[in-house]
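Please walk me through this protein model, beginning with how contacts are counted and ending with the open space at its surface.

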Amino acid sequence: MADGGGCEKRDEQQCKQVDSSMTRVFELFGKRWTGLIVAVLTDRPAYFADLRRAIPGISERMLSDRLTELSGAGLVVREVDAGPPLRVSYRLTEAGRALEPALKELSRWAEDHLPEGGGCPEQFRR
């Protein structure tokens, strides 16, 4: 009887699924803007308006949504400064700061392997 996954005649290695931890990472970081927000916050805590200026093209709504997701994932802390004026700042948690080496490595990889202008090299096109 088939297993429903189409693996009945294939070896186990061919049918191995993606690691669940990798799936969790890309469920969060596969969303547009998320990695850039974390990258900005690795340098320093930032106010909402500062994040908006640091990431050209992101809307207020999208920034708010991504910050909420990052907060829910335990990577970002939202802090309200009493003011006046009332201001909201964001900083990375210890878990968020632990991403810095991985982000720096991805940046180095991009410098070596991805052309300027956002085009995808031939070897990554399908």
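Contact here means that heavy atoms lie within 4.5 Å of each other. The model is a predicted one, and with that definition in hand a useful place to begin is Arg66, which lies in helix H5. Setting aside residues up to four places away in sequence, Arg66 touches Lys31, Arg32, Trp33, Thr34 and Ile37. Although arginine is classed as charged, Arg66 has a relative accessibility of 12% and therefore counts as buried, the limit for that class being under 20%.

Before following those contacts further, it helps to set out the chain as a whole. The secondary structure of the protein chain comes to seven helices and three strands, and these follow one another along the sequence in the pattern α-α-α-β-α-α-β-β-α-α. The chain has 126 residues, of which buried residues make up 21%. Among contacts between residues at least 6 apart in sequence, 43% join residues at least 24 apart.

One of the residues touched by Arg66 is Trp33, which is found in the loop between H2 and H3. With a relative accessible area of 12%, Trp33 falls under the 20% limit and so is buried. The backbone of Trp33 also deserves attention, since its phi is near 85°, a positive value in a residue other than glycine. Most residues other than glycine have a negative phi.

Two further partners of Arg66, namely Thr34 and Ile37, lead into the contact between H3 and H5, where Thr34, Ile37 and Val38 in H3 meet Leu63, Arg66, Leu67 and Leu70 in H5. By class, this contact has five nonpolar, one polar and one charged residues. How do the two helix axes cross? The axes of H3 and helix H5, the latter spanning residues 60-72, come within 10 Å and cross at roughly 75°. Because this angle lies in the range from 65 to 115 degrees, H3 is roughly perpendicular to H5.

Helix H5 also contains Glu60, and the surroundings of this residue bring in another part of the chain. Leaving aside neighbours within four places in sequence, Glu60 is in contact with Phe48 and Arg52. The C-alpha atoms of Glu60 and Phe48, which are 12 residues apart along the chain, are separated by 8.7 Å. Ala49 is placed in helix H4, which covers residues 48-54, and the C-alpha atom of Ala49 is separated by 9.9 Å from that of Leu63, 14 residues away along the chain. Leu63 is itself among the H5 residues that meet H3. At 38% relative accessibility, Ala49 counts as partly exposed.

Between H3 and strand E1 (46-47) runs a loop in which Arg44 has its place. Arg44 is partly exposed, with a relative accessible area of 41%, whereas Arg66 is buried. The C-alpha atoms of Arg44 and Tyr90 are separated by 9.0 Å, although the two residues are 46 apart along the chain.

The last step is to turn from the atoms to the space they leave. Rolling a probe the size of a water molecule over the atoms shows where empty space is left. The largest pocket has a volume of about 690 Å³. Of the 18 residues that line this pocket, the closest to its centre are Phe29, Gly35, Leu36, Leu103 and Leu106. Which elements give two or more residues to the lining of the largest pocket? They are helix H2 (20-29), helix H3 (34-43) and helix H7 (100-113), so that H3, which meets H5 through Thr34, Ile37 and Val38, also contributes to the pocket lining. By class, the lining has 14 nonpolar, two polar and two charged residues.

Definitions and conventions. Residues are numbered from 1 along each chain as its sequence is written. This is a predicted model: local features need pLDDT of at least 70, side-chain atom pairs count only at pLDDT 80 or more; totals for chains, interfaces and linings use all residues. Side-chain values use heavy atoms; hydrogens and water are left out. On a 1 Å grid over the protein atoms alone, a cavity is a set of points where a 1.4 Å probe fits but cannot get out, and a pocket is an open set with protein on both sides within 12 Å along at least five of seven lines; lining residues have an atom within 4 Å of a point. Grid points are joined across faces, edges and corners, and a volume is the space filled by probe spheres set on the points. Helices (H or I, at least four residues) and strands (E, at least two) are DSSP runs, numbered from the N terminus. Axes are lines fitted to C-alpha atoms, for helices over the stretch in contact, and angles run from 0 to 180 degrees between N-to-C directions. Angles under 35 degrees count as roughly parallel, over 145 as roughly antiparallel, 65 to 115 as roughly perpendicular and the rest as oblique. Buried means under 20% relative accessible area, exposed over 50%, partly exposed in between (1.4 Å probe, protein chains only).
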